[in-house]
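Learning to read a structure goes well with a few simple questions. Let's have a look at one together.

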Amino acid sequence: MGKLDGRVVIITGAARGQGEQEARLFAAEGAKVVVADVLDDQGEAVAKEIGNALYVHLDVSKEEEWGAAVAAAKAAFGKVDGLVNNAGILRFNELVSTPLDEFMQIVNVNQVGAFLGIKNVAPEIAEAGGGSIVNTASYTGVTGMAYVGAYAATKHAIVGLTKVAALELAARNIRVNAVCPGAIDTAMSNPAQLDPNANTEESAAALDGLYRKLVPLGRVGRPEEVARLALFLTAQEDSAYITGQPFVIDGGWLAGVSVL
């Protein structure tokens, strides 16, 4: 028996990184997974590999594509009773040097994308009898970090959106929570993963070295660790009395500065 037997979950940004690991873990726990992304070849490959899954092309910033994705999920699996709003982008820039187009691109994917996911999927979850929504915020959604102002702004917004959605959707038997990852070894934080000529083990070691003094647990996080937190928040038997909460998963980074 899997923790998600009988569940149908849409996961955005599921072609790689945290979303891919969530898709793989959820499928292993019995869910029918809708792998949603704009990376068609990679997304289709993930859906094929995990089995009992459907790939849909989804630009999360476009409402019409959300409608098509939900319709495809229902046609394939009959219902939708879970959503992981994982898709997101990160750009590094100081605030006064950030072009408006860049700021709005981040807002449209990270913040508007999560809003549209809730707006379009929550009614389907309610129709199915209830379920859960997990939004991907960030360590930077509960504190600040220089040079990621646009990203941090959207992640703070997702924490607020999570709380409001939890209040409004509780009566419809929908729980809404957020995961707030710190430094995680994905292509977003470690672009070397996208370079076929790069030594990924070396780049991961360098990333670990960067965070060894910042993070009490002394290493960068792994995407499968975030996936297990998302599973906990999606599985009804594990988190039935939890809603409206941001869960930080950062190796202790937010706790403060270590002197050791």
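What follows is a short chat between a learner and a teacher.

Q: What kind of model is this, and how many helices and strands does the protein have?
A: It's a predicted model. The protein has eight helices and seven strands.

Q: How does the radius of gyration of the protein sit with the globule rule?
A: The radius of gyration is 18 Å, close to the 18 Å that the rule gives for 260 residues, so the protein is as compact as a globular protein of that length. Along the principal axes, its C-alpha atoms fill a box of roughly 50 × 40 × 40 Å.

Q: What share of the residues is buried?
A: Buried residues make up 48% of the 260. As for the surface, the protein exposes about 12,000 Å², with carbon and sulfur atoms supplying 55% of that.

Q: How should I read the contacts in the protein?
A: Take those with a separation of 6 or more: 66% of them are between residues 24 or more positions apart.

Q: How do I read a pair of aromatic rings?
A: You describe such a pair by the distance of the centres and the angle of the planes. Here the count comes to one aromatic pair. Y139 and W253 are stacked, at 4.2 Å centre to centre with 15° between the planes.

Q: Where in the chain do Y139 and W253 lie?
A: Y139 is in the loop between β5 (131-136) and α5 (149-169), while W253 is in the segment after β7 (246-249). They're 114 residues apart, so the pair links distant parts of the chain.

Q: Are Y139 and W253 buried or exposed?
A: Both Y139 and W253 are buried.

Methods. Residues are numbered from 1 along each chain as its sequence is written. This is a predicted model: local features need pLDDT of at least 70, side-chain atom pairs count only at pLDDT 80 or more; totals for chains, interfaces and linings use all residues. Side-chain values use heavy atoms; hydrogens and water are left out. Helices (H or I, at least four residues) and strands (E, at least two) are DSSP runs, numbered from the N terminus. The radius of gyration is taken over C-alpha atoms; the globule rule is 2.2 Å times the number of residues to the power 0.38. Buried means under 20% relative accessible area, exposed over 50%, partly exposed in between (1.4 Å probe, protein chains only). Contact means heavy atoms within 4.5 Å. Accessible areas come from the Shrake-Rupley method with a 1.4 Å probe; for residues, only the protein chains shown count as cover. Rings of Phe, Tyr and Trp (its six-membered ring) pair if their centres lie within 6.5 Å; planes under 30 degrees apart count as stacked, over 60 as edge-to-face and the rest as tilted.
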